[in-house]
Amino acid sequence: MKVLVIGYTHPKYDKRVFRTVQTFAKENEVIYQYLSTKEEDSYTERNITYMPLLYGKIREKKNFSELLKEVSKRQRFDKAVLELIAKSDYDIAYFHHFLPTKPVKAFKIAKKRGKRIIFDIHEYHPENFLKTLSGFSKRIIEKIAWNFFKKQIELSDKLIFVSEETMSDIFEKVEFRKPALVLPNYASLSVEPTEKRKEIVFVGKIQRGISKEKEILRKLNDLEIKFKVIGINSDIFKDIPHEYTSFLPYEQMMMELSKSMFSLISFSTTGNETYKNDIFSLPNKFYDSIAAGTPVIVKNTFVSMVKLVEKYGIGVVIDPSDVEGSVKKILDAFENYEYYRQNVEKCKHLFVWDEEKEGEFLEFVFKD
C-alpha cells in the first residue's frame with residue numbers, strides 16, 4: 001500500500017505525525033509532507049519520500065497588513081498541498097490537519113480520486129475558531145466551523161481521536177458516527193528512575209493563566225519543595241525560585257523528568273476553563289511523565305486527564321483557585337509518595353507506544 005501523510009504545518013519530526021510515518025513505512029511506501037522553514041529538496045529514504053513544503057516562520061498577526069500577508073502566504077502553501085493530494089500516487093490519504101483556506105477541498109479531491117481518507121483529529125477544531133470570540137460573531141463562526149468540520153468527517157472513511165471524551169463529544173454534536181480509534185499521545189519510551197528529588201517539574205511550553213499555580217509553588221518552596229522547569233523560557237517563572245533546564249533531546253528530557261517526584265500539568269490556553277481543547281486534552285507531557293515513572297499533579301478542570309489519574313491512582317488532582325487546599329493535597333502526596341510511585345510502576349506500560357498499540361493502529365487503518 002502507498003500512504004500519503006499530510007503533516008500540513010507540523011514540523012518534520014513532530015512526535016505524533018512522524019510516529020505514523022515511521023509506522024506505515026515499515027511495510028508500506030509513504031509520501032510525507034511537512035512544513036519547512038527553509039529551502040529543502042525532496043528525497044527518498046527507507047520507504048519514505050520526504051516532501052518538505054516551504055512556508056517560512058508562522059508569525060503572530062499584530063495588525064491588518066500582517067494578517068493579509070499571512071493569509072496570502074497560507075493560500076500559496078495550501079495550493080501546494082492540494083496539488084500534492086491531487087497528483088501523488090497513493091492508496092490512503094492520512095490527514096493530520098486540514099487546510100484553513102479550503103477546509104473541505106483536500107477531502108473532496110482525495111474522495112473523488114477513490115482514495116481512503118483517514119482524519120487524525122489532534123484537536124477539537126471548531127473550538128480553535130471560537131476561543132477568542134463572543135456574542136453574535138461567535139454564533140456565526142460556530143455555525144460555519146461546524147458545517148465544514150461535519151463535512152470533513154462525512155468525507156473521511158475513518159477517524160483518529162486523542163481522547164475518548166473528544167470522540168464522544170464530537171459524535172454527539174454531528175449526530176452520526178464513523179469508524180474511529182482513540183490514539184492518545186503515547187510516550188515513545190519508558191524510563192526507570194535512578195533517583196528521586198524532592199521537587200516538582202514542569203515540562204514543555206506554558207500557556208497563560210497560571211497565577212494561582214505560581215502561588216502554590218511559592219508556598220511549597222517555603223516548605224523546601226523545589227521546582228524545576230524543562231524546555232521553556234524560564235523568564236515565565238522568574239518570580240518563583242526554580243532550576244531551569246533548556247530544551248533537551250527526548251531521551252535526555254525523559255531521564256531528567258524521571259528524577260522529580262511529581263510533574264505539574266496545569267495551564268490555560270484561553271483563560272476559559274470550559275475550553276474543550278484544554279479539558280479534553282491528553283498532552284505529551286502527561287504520558288511522558290507517567291512513562292518516566294513520575295506521578296502527576298493535574299488541574300481539576302482537565303476532564304480526560306483527571307479520569308485517568310483517578311482510575312489508576314497515578315497522581316493528585318488540585319483546584320488551583322484553592323491555593324491552601326492544593327498545597328495541603330500536594331504535601332499529603334509527598335508524605336504518601338510510595339503509593340503513587342507503585343501505582344505508576346504498575347500501569348506505566350499503558351502510557352507507552354509499543355508493538356501491541358502499533359498493531360492495533362495498523363489494523364484499524366488498513367482493514368477494509
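Start with the largest cavity of this predicted model, which has a volume of about 70 Å³ and is one of three cavities of 30 Å³ or more found in a search of the whole structure. To see its walls, select Lys15, Arg16, Arg19, Thr20, Leu183, Pro184, Asn185, Tyr186 and Asn284, the residues that line this cavity. If you colour that selection by class, three of the lining residues come up as nonpolar, three as polar and three as charged.

Next, select residues 15-25, which form helix H1, the element that gives the most to the lining of the largest cavity, with four residues. How many of the residues of H1 are buried? The helix is mostly covered, with 10 of its 11 residues buried, among them Val17, Phe18, Val21 and Phe24 as well as the cavity-lining Lys15, Arg16, Arg19 and Thr20. Before leaving the helix, add Asp14 to the selection and look at the N-terminal end of H1, which Asp14 caps by placing a side-chain oxygen 3.2 Å from the backbone nitrogen of Arg16.

Move on to strand E6, residues 116-121, where six of the six residues are buried, so that the strand is largely enclosed by the rest of the structure. Showing the side chains here separates two sets, with Arg116, Ile118 and Asp120 pointing one way from E6 and Ile117, Phe119 and Ile121 pointing the other way, and all of them are buried.

Keep E6 on screen and select strand E5, residues 92-95, which pairs with E6 in the parallel sense over four bridges; within this pairing, Tyr94 has Ile118 of E6 as its bridge partner. Following the chain from E5 to E6 takes you through helix H3, residues 105-112, in a β-α-β crossover that is right-handed. Then select strand E7, residues 158-161, which also pairs with E6 in the parallel sense over four bridges, and where Ile160 is the bridge partner of Asp120.

For the last stop, select Ile232, which sits in the loop between strand E10 (226-230) and strand E11 (243-245). Is this loop residue buried or exposed, given its 7% relative accessibility? Ile232 counts as buried, because its 7% relative accessibility falls under the 20% cut-off for that class. Finally, add Ser246 and draw a distance between the two C-alpha atoms: Ile232 and Ser246 are 14 residues apart along the chain, and their C-alpha atoms are separated by 6.4 Å.

How values were computed:
Residues numbered from 1 in each chain as written. Predicted model: local features only at pLDDT ≥ 70, side-chain atom pairs only at ≥ 80, totals over all residues. Heavy atoms only, no water. 1 Å grid on protein atoms, 1.4 Å probe; cavity = no way out; pocket = protein on both sides within 12 Å on 5 of 7 lines; lining within 4 Å. Points joined across faces, edges and corners; volume = space filled by probe spheres on them. Nonpolar A, V, L, I, M, F, W, Y, C, P; charged D, E, K, R; others polar. Buried < 20%, exposed > 50% of the residue type's maximum accessible area, 1.4 Å probe, protein only. Polar contact = N/O pair within 3.5 Å; in protein donor to acceptor, adjacent residues only side chain to side chain. Pairing = 2+ DSSP bridges. Right-handed = clockwise from strand over helix to strand, strands pointing away.
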